Amino acid sequence: MAFYKAGCRKYNPDRKEMKPFFFSALLVAAILFFVQSCSSTPKIIKPGQSGTNLKKQICITRFEDKKRFDDAYLEQPFQDRLLEALLDNCRKPIFIVPGQNEFPAELETLPLLPSGFKDGMALTNIGRENGFNAIVTGVISDIRQKNEIGWLTGDRSYFQVTITAEIYDTQTSAKLLDKTYLHEIEVDVEKASESEKETDYFDIIAIEKVLKIIVKEMRADICEAVSNIPWMGFIVAAEGDTVLISAGKKVGLKAGTHLNIYQNDQTVTGAFGDQYRIPGPLIGELKLISTSHNQSRAILVKGTGAVPGNSVSLK
């Protein structure tokens, strides 16, 4: 079998590179789920309680595959690996992923701004309607094989994978995470069998090893980011003093629970047309009168004028 030297090295842009390889969905799968780096979105102070027993719902969308990989059979192993890693290390959130009945059809294709960037406001509006507290998405940017010619050290071959992950907060539409993961692994071609050299198997094994490293790092970033946001609910319909909230028994709500209501958010627009919400002040109080799996009905017990778009938190 082929041998791979342990560890990853930092990318050196001066190395001679081969034409990028277009491998399959191992990547698509690999990325299929998943950020603390330098985000360009503003930090916004929000209401809510981070230490409640309510479960936050985190939606993970398909990552955009800019490399157009074709081997669909490679996707699922990475997707399963990443989800398993999140479930093992982020026990409190509920993850909603493609293929589940609760995954919104509107998120099969993500909304874009005229500039081509993701429309965070439209994306998080869908999230609010479905009771999500955050949405994880991203891009499979690149995967390539590179060769180095070394007169003293001998020829070397590397596989490099680049994936970007983003997390959008549905309360503010700001990014909780925007990070690019770039890792590579050296492949010891001389120790590979001739059959491995002549097939994609040799390449796939190398890519899987890089993806394992990325999954481990991405998992830690995602767990940290979603653990730092409070549970928030959202009013999606109102009639008189009765309102409907897009969260229910699944997250831990039950009849008799009291919730604070916050005024509809102010909206600010960024340089590239992206919009963010600034949470409004406390304006009233609700009491839940009934709950189903994913929705709750409540009556207004303090304040006036609860409307769709208002956010709520535990009192």
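Is Lys 250 buried or exposed? In this predicted model, Lys 250 has a relative accessible area of 18% and is therefore buried, since the limit for that class is under 20%. The residue takes part in a salt bridge with Glu 102, and the points below set this pair beside the other salt bridges, the barrel, the hairpin, the nonpolar cores and a surface patch.

**Salt bridges**

- The count of salt bridges in the model comes to nine.
- In the bridge between Glu 102 and Lys 250, the closest N and O atoms are 2.2 Å apart; the two residues belong to distant parts of the chain, 148 residues apart, with Glu 102 in the loop between strand 4 (94-96) and helix 3 (120-129) and Lys 250 in the loop between strand 9 (242-245) and strand 10 (258-262).
- Glu 102 has a relative accessibility of 28% and so counts as partly exposed, whereas Lys 250 is buried.
- Glu 166 and Lys 118 join their side chains in a salt bridge with an N to O distance of 3.1 Å, and this pair also links distant parts of the chain, since Glu 166 lies in strand 6 and Lys 118 in the loop between strand 4 and helix 3, 48 residues apart.
- Both partners of that pair, Glu 166 and Lys 118, are buried, and they belong to a network of salt bridges that also takes in Lys 175 and Asp 178.
- General background for these contacts is that side chains of opposite charge can pair when their charged atoms come close.

**Barrel and strand pairing**

- Six strands form a closed barrel in the order 8-9-14-13-10-15, with antiparallel pairing, and neighbouring strands of this sheet are turned by 45° against each other on average, direction ignored.
- Within this barrel, strand 13 (residues 282-291) and strand 14 (residues 296-302) run antiparallel and are joined by six bridges, with Thr 291 standing opposite Ser 296 of strand 14.
- A salt bridge also connects these two strands, as the side chains of Glu 285 and Lys 302 meet at 3.6 Å, N to O, with Glu 285 in strand 13 and Lys 302 in strand 14, 17 residues apart.
- Glu 285 counts as buried because its relative accessibility is 6%.

**Hairpin**

- Strand 11 (residues 266-269) pairs with strand 12 (residues 275-278) in the antiparallel sense over four bridges, and Gln 266 stands opposite Ile 278 in strand 12.
- The two strands make a hairpin with five residues between them, and Gly 273 in the turn has a positive phi of about 90°.

**Nonpolar cores and surface patch**

- The largest nonpolar core holds 35 residues, of which Leu 86, Val 161, Ile 167, Met 218 and Ile 222 touch the most other members.
- At least two residues of this core come from each of strand 2 (57-60), helix 2 (75-89), strand 5 (134-148), strand 6 (156-169), strand 7 (175-188) and helix 5 (200-227), and helix 5 supplies the largest share, eleven residues.
- Apart from this core lies another one of 17 residues, including Ile 245, Val 251, Val 312 and Leu 314.
- On the surface, Ile 289, Ile 299 and Val 301 form a nonpolar patch with about 210 Å² of accessible area together.
- Val 301, one of the patch residues, is found in strand 14 and counts as partly exposed because its relative accessibility is 39%.

Methods:
Residues numbered from 1 in each chain as written. Predicted model: local features only at pLDDT ≥ 70, side-chain atom pairs only at ≥ 80, totals over all residues. Heavy atoms only, no water. Pairing = 2+ DSSP bridges. Axes fitted to C-alpha atoms, helices over the stretch in contact; angles between N-to-C directions. Core = buried A, V, L, I, M, F, W, Y, C linked by side-chain atoms within 4.5 Å. Buried < 20%, exposed > 50% of the residue type's maximum accessible area, 1.4 Å probe, protein only. Salt bridge = Lys/Arg side-chain N within 4 Å of Asp/Glu carboxyl O. Patch = residues over 30% accessible without salt bridge, like charges linked within 9 Å, V, L, I, M, F, W, Y side chains within 5 Å. Areas by Shrake-Rupley, 256 points an atom, 1.4 Å probe, with all protein chains shown as cover.
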